[in-house]
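Below is a short set of questions and answers for a reader who is new to this structure. Please keep the sequence and the model in view while reading.

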Amino acid sequence: MRTQVAIIGAGPSGLLLGQLLHKAGIANIIIERQSADYVLGRIRAGILEQITVDLLKEAGVGARVAAEGTVHHSIELVYRNTRHPIDVTGLTGGKVVTAYGQTEVTKDLMDARAAAGLTTLYSAADVSIHDFDGSSPVVRFRQDGELKELACDFIAGCDGFHGVCRASVPEGAITEYEKVYPFGWLGVLADVPPVSTHAIVYANSERGFGLCSMRSLTRSRYYVQCPIEDKVEQWSDDRFWDELRRRLDPEMAERMVTGPSIEKSIAPLRSFVAEPMRFGRLFLAGDAAHIVPPTGAKGLNLAASDVKYLSNALVEYYHERTSAGIDDYSRKALARVWRAERFSWWLTSLMHRFPDTQGFGQKVQEAELEYLVNSEAASRSLAENYVGLPLDFAQIR
């Protein structure tokens, strides 16, 4: 087999890259180690920046997010048992975020790829990449017990944090930066109406962090900070709902609708960046190159901006015969990655209880929150980062 761009990983970043390249007439094949059902069943983020929504439209898959996504114009911060709205739209000149689950994004992209008759090779075992430091990269894998080989011009590593692409980079060619947080998030997905349909709710309390988000008007995604050592089995639905209520303001806690969970998991929190994001003819994108704490809702959106930079660069290469875009891909992508890392770290540090938070740390958090909600300049900074900084950061005025 041969193609122009081999994409490793059929998550949202790989599928979106494949769709954008197809629209530009660039041949691509996606190789995925899991089954299609497994990929579609992963529960992930659900808040899309406007840049991401616009990119889905550009890829020809924006109809359903436009029809079914829920637009948010504000966020709400809870501390000292009081809720404070931040007018995100008003502070950013009309920008919004959209609640639309990653599972739905994946489904839209899968459907579009199938309709176009494009090749996605699922359940590929023993995937390995070779010769990406030269001019003729190769991907090898097993499918149905048969060893196969895919020759290509470029390899796009969209295979996540534990994927083969970053792991294949020679030792010493990559620098990794990491911060591991001393707690996790217990997340619950439930078919109940969200406690807030117009805003994401972030709660700072003496009991720890809480977050109220949504996937639709009938499906909610809620989280509480928990010890990293906790197991899901320790958390009954009743215990979870009781704990979340105790972290919210009284009015919101009273009107929260509860119900049986349909998914429950504990996720550790980390910040991670690998530099650079290009190695010869191998490019990393999305979680293969960086992880952010979910506090800032940046993971999927960062993957989308990586894909935007990379797709533009590859289109330039094939259509304009210039390598300027691919040469500059890593620098451009990392500039936005580190700004999102900073925001996610800051918001995580502000809203969670750390081992040293009690006393001085808690008072400093509350003082910063007080400043944040009463200063237009501070609120605008939060809002600008929340809706997503421009792809060209210099565009901010």
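**Questions on a predicted model**

Q: In which helix is the place of Ser344?
A: The model is a predicted one. In it, Ser344 has its place within residues 324-351. That stretch is helix α11.

Q: Is Ser344 buried or exposed?
A: Buried means under 20% relative accessible area. Ser344 has a relative accessibility of 0%. With residues up to four places away in sequence not counted, Ser344 touches Val292, Pro293, Thr295, Gly296 and Lys298. By its accessibility, Ser344 counts as buried.

Q: How do α1 and α3 pack, roughly parallel, roughly perpendicular or oblique?
A: Helix α1 covers residues 12-23 and helix α3 covers residues 50-58. Their axes are 10 Å apart and make an angle of about 45 degrees. Angles under 35 degrees count as roughly parallel and 65 to 115 as roughly perpendicular. The angle therefore makes α1, relative to α3, oblique.

Q: How many charged residues are in the contact of α1 with α3?
A: On the α1 side the contact has Leu16, Leu20 and Lys23, which meet Leu55, Leu56 and Glu58 in α3. By class, 4 of the residues are nonpolar and no residue is polar. The number of charged residues is 2.

Q: Which residues does Ala59 contact, leaving aside its neighbours within four places in sequence?
A: Ala59 lies in the loop between α3 and α4, and its relative accessible area of 0% makes it buried. Its C-alpha atom is separated by 8.8 Å from that of Leu17, 42 residues apart along the chain. Beyond the sequence neighbours, the contacts of Ala59 are Leu16, Gln19, Leu20 and Lys23.

Q: Which residues touch the most other members of the largest nonpolar core?
A: In soluble globular proteins, nonpolar side chains tend to be buried together. The largest nonpolar core here has 73 residues. Its largest share, 9 residues, comes from helix α10. The members that touch the most others are Leu16, Ile31 and Val139.

Q: How many residues are in the second, separate core?
A: This core includes Ile86, Val88, Leu91 and Phe183. It is separate from the largest nonpolar core. The number of residues in it is 33.

Q: How many disulfides does the count come to?
A: A disulfide needs two cysteine sulfur atoms within 2.5 Å. For Cys158 the closest cysteine sulfur, in Cys165, is 7.9 Å away, so it is too far for a bond. For Cys226 the nearest cysteine sulfur is that of Cys212, at 16 Å, and Cys226 is in no disulfide. The count of disulfides comes to 0.

Q: Is Glu243 buried or exposed?
A: Glu243 has its place in helix α8, residues 237-247. Not counting residues up to four places away in sequence, Glu243 touches Arg207 and Trp235. Its relative accessibility is 9%, and the cut-off for this class is under 20%. Glu243 therefore counts as buried.

Q: How far apart in space are Ser135 and Gly145, C-alpha to C-alpha?
A: Ser135 is in the loop between β9 and β10, and a relative accessible area of 55% makes Ser135 exposed. In sequence, Ser135 and Gly145 are 10 residues apart. In space, their C-alpha atoms are apart by 29 Å.

Conventions
Residues numbered from 1 in each chain as written. Predicted model: local features only at pLDDT ≥ 70, side-chain atom pairs only at ≥ 80, totals over all residues. Heavy atoms only, no water. Axes fitted to C-alpha atoms, helices over the stretch in contact; angles between N-to-C directions. Helix = DSSP H or I, 4+ residues; strand = E, 2+ residues; numbered from the N terminus. Parallel < 35°, antiparallel > 145°, perpendicular 65-115°, else oblique. Contact = heavy atoms within 4.5 Å. Nonpolar A, V, L, I, M, F, W, Y, C, P; charged D, E, K, R; others polar. Core = buried A, V, L, I, M, F, W, Y, C linked by side-chain atoms within 4.5 Å. Buried < 20%, exposed > 50% of the residue type's maximum accessible area, 1.4 Å probe, protein only.
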